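Before reading on, please open the model and keep the sequence beside it. The paragraphs that follow begin with the confidence of the prediction and then move through the strands and the loops.

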Amino acid sequence: MKRIALTTILAALALAAAPLLSASTIVSWETLGNSGSEPLVAPTNVETGLVGLNLERGPGLSAPSGTNSFNSSAWAWSGGVRQADDYVSFGFEVQAPFKVDDLRLLFGSRSSNAGPGPLGLFWSGDNFTDPVHTWTHVNTTWSNEDIDLGGLGTLMADTYEFRIQSIANQRASNPQQTIDGGGTMRIGDYFQSGQGFSLFRFEGTVTPEPGRAMLLAIGGLLFLARRRRA
Ligand SMILES: [Ca+2]
């Protein structure tokens, strides 16, 4: 009994004093080899403590083909307002007792000339109200985003959905012209000069929340003690 208890206590202390782990991929989506019109892309490389959400389109978007990407069309505005169902969605669920810090998002994207120019990244933390990052597609140039999301703070157990939305009715080839419904917007691998393409992914640090980890360890001790007495 003594030996088990000591081992458990040491494990609890180790968890509570979780070392500073370097950030790494915590969930990714593979688009290489896809036609682009898949209804969804399931997550890969999901870190322990997380459940990945599918990469998918809001119901207002269509699914044209676009090799090695996740493509979309029917981006539109009506009466000066973005169509609410026009978005690309992805994200993850954090499961107790884990938490995520140092969140970072890397992906590549581009539009066709008549597709959306200015875009924003939104999240469920504020019900998709204010963009946490914005960027603009110019003509058909591939755009690479490496977004530091550490400002969102520590993400405790909950579901975190992210959406890419059009933030102005301006097409990629000309801000003076509105988006055409046939215009496309595709997302996929992140490209870094000298390092080539890498997966569309979130990076971060996933650790057990110390208080919860300690409670779990204490619960385990009590269970062992009770079993010993029985
Ligand atoms: Ca639409």
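Over residues 16-20 the pLDDT, which is the predictor's confidence in each residue on a scale from 0 to 100, stays under 50. For residues 16-20 the model has six contacts beyond four places in sequence, where two residues are in contact if their C-beta atoms, placed from the backbone, lie within 7 Å. The protein chain as a whole averages a pLDDT of 90, and 87% of the residues score at least 70. This is a predicted model, in which local features need a pLDDT of at least 70 and side-chain atom pairs count only at pLDDT 80 or more, while totals for chains, interfaces and linings use all residues. Residues are numbered from 1 along each chain as its sequence is written.

The protein chain has two helices and 17 strands; helices (H or I, at least four residues) and strands (E, at least two) are DSSP runs, numbered from the N terminus. Of the 230 residues in the protein chain, 33% are buried, a word that applies if 20 or more other C-beta atoms lie within 10 Å of a residue's own, whereas a residue with 12 or fewer is exposed and one in between is partly exposed, the C-beta atoms being placed from the backbone. Among the contacts in the protein chain with a separation of 6 or more, 76% are between residues 24 or more positions apart.

How are the strands arranged? In general, strands of a sheet pair through backbone hydrogen bonds, either parallel or antiparallel; here, two strands pair if DSSP finds at least two bridges between them. Six strands form an open sheet in the order β2-β4-β8-β13-β10-β11, with antiparallel pairing. Because β2 (40-41) and β11 (133-136) stand at the edges and each has a single partner strand, one side of each is left without a neighbour in the sheet.

At the β2 edge, β2 pairs over two bridges with strand β4 (residues 50-57) in the antiparallel sense, and L40 stands opposite E56 in β4. Towards the β11 edge, strand β10 (residues 118-123) is joined to β11 by four bridges, again in the antiparallel sense, and P118 has T136 of β11 as its bridge partner. β10 also pairs with β13 over five antiparallel bridges, where the bridge partner of G120 is Q165 in β13.

Another set of pairings involves strand β1 (residues 24-29), which runs antiparallel to strand β17 (residues 200-208) and is joined to it by five bridges; S24 can be found opposite G204 in β17. β1 is also joined by two bridges to strand β3 (residues 43-44), with the two strands running antiparallel, and there W29 has P43 as its bridge partner.

Which backbone geometries deserve a second look? Most residues other than glycine have a negative phi, and most peptide bonds are trans. N45, in the loop between β3 and β4, has a positive phi of about 50° although it is not a glycine, and N45 counts as partly exposed because it has 15 C-beta neighbours inside 10 Å. N139, placed in the loop between β11 and β12, likewise has a positive phi, near 50°, in a residue other than glycine; with 13 other C-beta atoms within 10 Å, N139 is partly exposed. The peptide bond from A96 to P97 is cis, with omega near 5°, and P97 is found in the loop between β8 (88-94) and β9 (98-111).

The loop between β12 (143-148) and β13 (158-166) holds G153, which counts as exposed because it has 11 C-beta neighbours inside 10 Å. The C-alpha atoms of G153 and V100 are separated by 8.6 Å, although these residues are 53 residues apart along the chain. M156 also has its place in the loop between β12 and β13, but M156 is partly exposed, with 13 other C-beta atoms within 10 Å. Where does the chain bring M156 and F98 in space? Measuring from C-alpha to C-alpha, M156 and F98 are 6.9 Å apart, with their positions 58 residues apart in sequence. Leaving aside residues up to four places away in sequence, M156 touches V94, K99 and E209.
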